[in-house]
Amino acid sequence: MTCFFLDTAHNALDYIECIHAILKPGGLWVNFGPLLYHYADQHDQPQLEFSWETLEKLIPKMGFEFLTKETRETSYTQNRTSLMQMRYMCKFFSARKLNLKS
Ligand SMILES: C[S@@+](CC[C@H](N)C(=O)[O-])C[C@H]1O[C@@H](n2cnc3c(N)ncnc32)[C@H](O)[C@@H]1O
């Protein structure tokens, strides 16, 4: 399970490779979170900012098959009574590690 995590990567492909490596064939990866890249404003911190459309194409090429994909709106660590409400459009997907033998 990766929750509000993918966008903490300098290079999200490294995370996807790592997730693939730790899952056994047929293992499930569930993700929930936005792509609000953490280092976007830190120019001394290199970061690749993949769009969802790009990740959506790359994840199957990296040994996964999507089972479900949807976008869900949510808050995150939000004070519900605050006059300022932040909402995140999150990518909620499940993907299975391809069983390379099949
Ligand atoms: C936005 S928080 C999300 C925390 C939790 N999953 C949640 O939903 O509340 C991002 C988390 O990723 C962790 N993190 C950032 N970069 C990481 C890395 N390279 N490896 C492992 N954890 C990392 C941070 O320590 C932080 O706990």
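Visitor: What is the accessible surface of the protein?
Guide: It comes to about 6,800 Å², and 55% of that belongs to carbon and sulfur atoms. Such areas come from the Shrake-Rupley method with a 1.4 Å probe; for residues, only the protein chains shown count as cover. This is a predicted model: local features need pLDDT of at least 70, side-chain atom pairs count only at pLDDT 80 or more, and totals for chains, interfaces and linings use all residues. Residues are numbered from 1 along each chain as its sequence is written, and side-chain values use heavy atoms, with hydrogens and water left out.

Visitor: Why is the group with Ile-16, Trp-29 and Phe-93 called a nonpolar core?
Guide: A nonpolar core is a set of buried Ala, Val, Leu, Ile, Met, Phe, Trp, Tyr and Cys residues joined through side-chain atoms within 4.5 Å. Buried means under 20% relative accessible area. The largest such set has 17 residues, including Ile-16, Trp-29 and Phe-93, so the name applies. Helix 1 (12-22), helix 2 (52-61), strand 3 (64-74) and strand 4 (88-97) each give two or more residues to this core.

Visitor: What makes Leu-13 a contact of Leu-55?
Guide: Contact means heavy atoms within 4.5 Å. Leu-55 touches Leu-13, so the pair meets that limit. Leu-55 also touches Ile-16, Leu-35, Tyr-37, Phe-50 and Pro-60, leaving out residues up to four places away in sequence.

Visitor: What makes Lys-91 the charged residue in the lining of the largest cavity?
Guide: Asp, Glu, Lys and Arg count as charged. Lys-91 lines the largest cavity, and the lining has one charged residue, so that residue is Lys-91.

Terms used
Buried means under 20% relative accessible area, exposed over 50%, partly exposed in between (1.4 Å probe, protein chains only). Helices (H or I, at least four residues) and strands (E, at least two) are DSSP runs, numbered from the N terminus. On a 1 Å grid over the protein atoms alone, a cavity is a set of points where a 1.4 Å probe fits but cannot get out, and a pocket is an open set with protein on both sides within 12 Å along at least five of seven lines; lining residues have an atom within 4 Å of a point.
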